[in-house]
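Here are my notes on the model you sent over. I've kept them as numbered points so you can go through them with the structure open.

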Amino acid sequence: MHGKSSVISIPRLALSSLAHPAPEVAPNLLGCILVSSTTNGVITAGMITETEAYGGPNDEASHGFRGKTLRNRSFFLPYGHFYVYRSYGIHYCVNITTGHDDGGAPKTYAEGVLVRALLPLDGIKTMRRRRGKDQTFPASKLTAGPGMVTQALGISIEQDGLPLKNATNVWVTQPIKVFIKDDISITTRIGITKSKELNWRFRLKDMSSN
DNA sequence: GTCAAGATTAGT
DNA sequence: CTAATCTTGACG
């Protein structure tokens, strides 16, 4: 993506596609582009290649499982909002809230999709790691890990709770490619100790070696 | 009040 | 394997 064909011209994701349980939405976000202009207005963007679903009444690994707190309150927003949280005190991770259309009523439980990896498409020269020897994100190499996704796009707690619609500086496009079942690997989630049995991790195949 | 664990990552 | 570093829940 450069020059004439900018990610800015790609239509945004229809919010109605988020009005479903997180495990249903998570695979459908593969191929969508997460776009940010938080870094001095420069566009940084990448295609979502890995997601995980969290939430609902029975997911013990969900931050919302034990109710609303100051940290996770955005997770309880209606579908179509960003929930950004600080992980291990040092990283940020970004989720997109999902759920049934409740007419704006408060959700009884939190639900959303964690963005775990991107294929960088735009603003790659602007992407910077906060730590590490090589601070750059090499072009066309996968940006893997939820903490890396937010570093690459300059997403922090300032974007927590923002709506996808009328978003100020972060948004999601419609899918730029449609994937079939065989393109997606479905496994258990990473880095959790509870509700480990759920197959709620969705990855595009043939990207792991990239 | 103390303490341990956590949807993580980089360096040894 | 361990450090870095913040929030939460359990305990008392």
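**Notes on the DNA contacts and cysteines**

1. Start with helix α2: of the elements at the surface near DNA strand B, α2 gives the most, with three residues. Keep in mind as you read that this is a predicted model. The elements giving two or more residues to that surface are β3 (82-87), β4 (91-97), β5 (111-122) and α2 (146-153).

2. Now the whole neighbourhood of DNA strand B. There are 24 residues around the strand, and the closest are Y85, N95, G145, G147 and G191. By class, the surface splits into eleven nonpolar, nine polar and four charged residues. On the DNA side, 56% of the strand B atoms within 4 Å of the protein belong to sugar or phosphate, and the rest belong to bases.

3. Which residue has a side-chain N or O atom 2.7 Å from a base nitrogen of DNA strand B? That's N95. N95 sits in strand β4 and counts as buried, because its relative accessibility is 3% and the cut-off for buried is under 20%. One caveat goes with that value: the accessibility is worked out on protein chains only, so the DNA is not part of the calculation. Leaving out residues up to four places away in sequence, N95 touches H81, F82, Y83, Y85, V113 and L114.

4. The backbone of DNA strand B has polar partners too. A side-chain N or O atom of T193 is 2.9 Å from a phosphate oxygen of the strand. With K133 the partner is a polar backbone atom, placed 3.2 Å from a phosphate oxygen of strand B.

5. On to DNA strand C. The residues around this strand are T69, L70, R71, R86, Y88, G89 and I90. Sorted by class, they come to three nonpolar, two polar and two charged. Of the strand C atoms within 4 Å of the protein, 57% are sugar or phosphate atoms and the rest are base atoms.

6. Three polar contacts on DNA strand C are worth clicking through. A backbone N or O atom of R71 lies 2.7 Å from a phosphate oxygen of the strand. The side chain of T69 has an N or O atom 3.3 Å from a phosphate oxygen of strand C. Y88 reaches a base instead: one of its polar backbone atoms is 2.3 Å from a base oxygen of strand C.

7. Have a look at K68 as well. This lysine is in the loop between β2 (42-55) and β3. Is K68 buried or exposed? K68 counts as exposed, because its relative accessibility is 56% and the cut-off is over 50%. Setting aside residues up to four places away in sequence, K68 touches R73 and F76. T51 is 17 residues from K68 along the chain, and their C-alpha atoms are 23 Å apart.

8. Last, the cysteines. How many disulfides turn up in a search of the whole structure? Zero. For C32, the nearest cysteine sulfur is that of C93, 19 Å away, so this falls outside the 2.5 Å needed for a disulfide. C93 is in no disulfide either, with the sulfur of C32 as its nearest. C32 is buried, with a relative accessible area of 0%, and C93 counts as buried at 3% relative accessibility.

Definitions and conventions:
Residues are numbered from 1 along each chain as its sequence is written. Chains are lettered from A and ligands numbered from 1 in the order in which they are written. This is a predicted model: local features need pLDDT of at least 70, side-chain atom pairs count only at pLDDT 80 or more; totals for chains, interfaces and linings use all residues. Side-chain values use heavy atoms; hydrogens and water are left out. Buried means under 20% relative accessible area, exposed over 50%, partly exposed in between (1.4 Å probe, protein chains only). A residue is near a molecule or strand if one of its heavy atoms lies within 4 Å of it. A polar contact is a pair of N or O atoms within 3.5 Å; within protein, one must be able to donate a hydrogen and the other to accept it, and residues adjacent in sequence count only if both atoms are side-chain atoms. Helices (H or I, at least four residues) and strands (E, at least two) are DSSP runs, numbered from the N terminus. Ala, Val, Leu, Ile, Met, Phe, Trp, Tyr, Cys and Pro count as nonpolar, Asp, Glu, Lys and Arg as charged, and the others, Gly among them, as polar. Contact means heavy atoms within 4.5 Å.
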